[in-house]
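Work through the exercises below with the sequence and the model at hand. Each task is followed by a solution in steps.

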Amino acid sequence: MPERRSTWRRVTAWYSLFLSWLVAISTAVLVIPVTLQVFSRFTSIIPHYIWTEEMARFLLVWTVMIGAMIGVRESSHFEVDVWPRLSPRPEAAVRLIARICVLIVALVFIWSGIEFTQFAWYRISELAELPLWVIHIAWPITGITWLVFLGEQMWDELNVLLGRGTLPPADPIPTPEGPL
């Protein structure tokens, strides 16, 4: 069991690293259509490209969703400190309640996101003629990713509540040579 759990932790750590790279790349790529839009509107050097607006919108939605996935993984997206410093068990209970609330939002993202994606499955965008499901599928993927990360966090907090462990420190970022 511990070996499976450590393998699971390595997989989720690598997935988190992949998401971090993906958000950096999508942000960098987002600069291209936005820059083209700005220069084409204010100069006559480049023609006015109509596809850049849709491409920027698609990339922005994905960038935000990937950032939200990372935020849940790092417990920084939905967490606000309002309680004084608590001992480990009450702290784990408060975190578990907060994670259950995020879990509800994740389930809404999955359920509604599937319907949202099905609605867009055979549609294309007007200007760039991109399939709309490419942007709509970000919602259920985000919800599923939240479930993966929340499951890992809730497991740790349940173990603390049951007196079987302590909250682990944040996972080190994996590198090809191993953890830092």
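The exercises that follow concern a predicted model.

**Exercise 1.** Classify the ring pair formed by tyrosine 15 and phenylalanine 149, and state which helices the pair links.

Solution.
- A search of the whole structure gives 4 aromatic pairs.
- In the pair of tyrosine 15 and phenylalanine 149, the ring centres are 5.8 Å apart and the planes meet at 40°.
- Planes under 30 degrees apart count as stacked and those over 60 as edge-to-face. At 40°, the pair of tyrosine 15 and phenylalanine 149 is therefore tilted.
- Tyrosine 15 belongs to helix H1 (residues 2-42) and phenylalanine 149 to helix H5 (residues 138-161). With their positions 134 residues apart, the pair links distant parts of the chain.

**Exercise 2.** Decide for tyrosine 15, phenylalanine 149 and alanine 98 whether each is buried, partly exposed or exposed.

Solution.
- The cut-offs are under 20% relative accessible area for buried and over 50% for exposed, with partly exposed in between.
- Phenylalanine 149 has 0%, so it is buried.
- Tyrosine 15 has 28%, so it is partly exposed.
- Alanine 98, in helix H3 (residues 88-120), has 35% and is therefore partly exposed too.

**Exercise 3.** Describe the largest nonpolar core: which residues touch the most other members, and which elements contribute two or more residues?

Solution.
- The core holds 22 residues, and those touching the most other members are Leu19, Ile66, Val72, Trp146 and Leu150.
- Two or more residues come from each of H1, helix H2 (51-73), H3 and H5.
- H2 gives the largest share, 8 residues.
- For one of the core residues, leucine 19, the contacts are Ile66, Met69, Ile70, Thr145 and Phe149, leaving aside residues up to four places away in sequence.
- As background, nonpolar side chains in soluble globular proteins tend to be buried together.

**Exercise 4.** Check the end-to-end distance of H2 against its expected span.

Solution.
- H2 has 23 residues.
- The expected span is 1.5 Å times one less than the number of residues, which gives 33 Å for H2.
- The end C-alpha atoms of H2 are 33 Å apart, so the two values agree.

**Exercise 5.** What is the phi of serine 75, and where does this residue lie?

Solution.
- Serine 75 follows H2 and lies in the loop between H2 and H3.
- Its phi is positive, about 55°, although serine 75 is not a glycine.
- The relative accessibility of serine 75 is 23%, so it counts as partly exposed.

Conventions
Residues numbered from 1 in each chain as written. Predicted model: local features only at pLDDT ≥ 70, side-chain atom pairs only at ≥ 80, totals over all residues. Heavy atoms only, no water. Phe/Tyr/Trp six-rings, centres within 6.5 Å; stacked < 30°, edge-to-face > 60°. Helix = DSSP H or I, 4+ residues; strand = E, 2+ residues; numbered from the N terminus. Buried < 20%, exposed > 50% of the residue type's maximum accessible area, 1.4 Å probe, protein only. Core = buried A, V, L, I, M, F, W, Y, C linked by side-chain atoms within 4.5 Å. Contact = heavy atoms within 4.5 Å.
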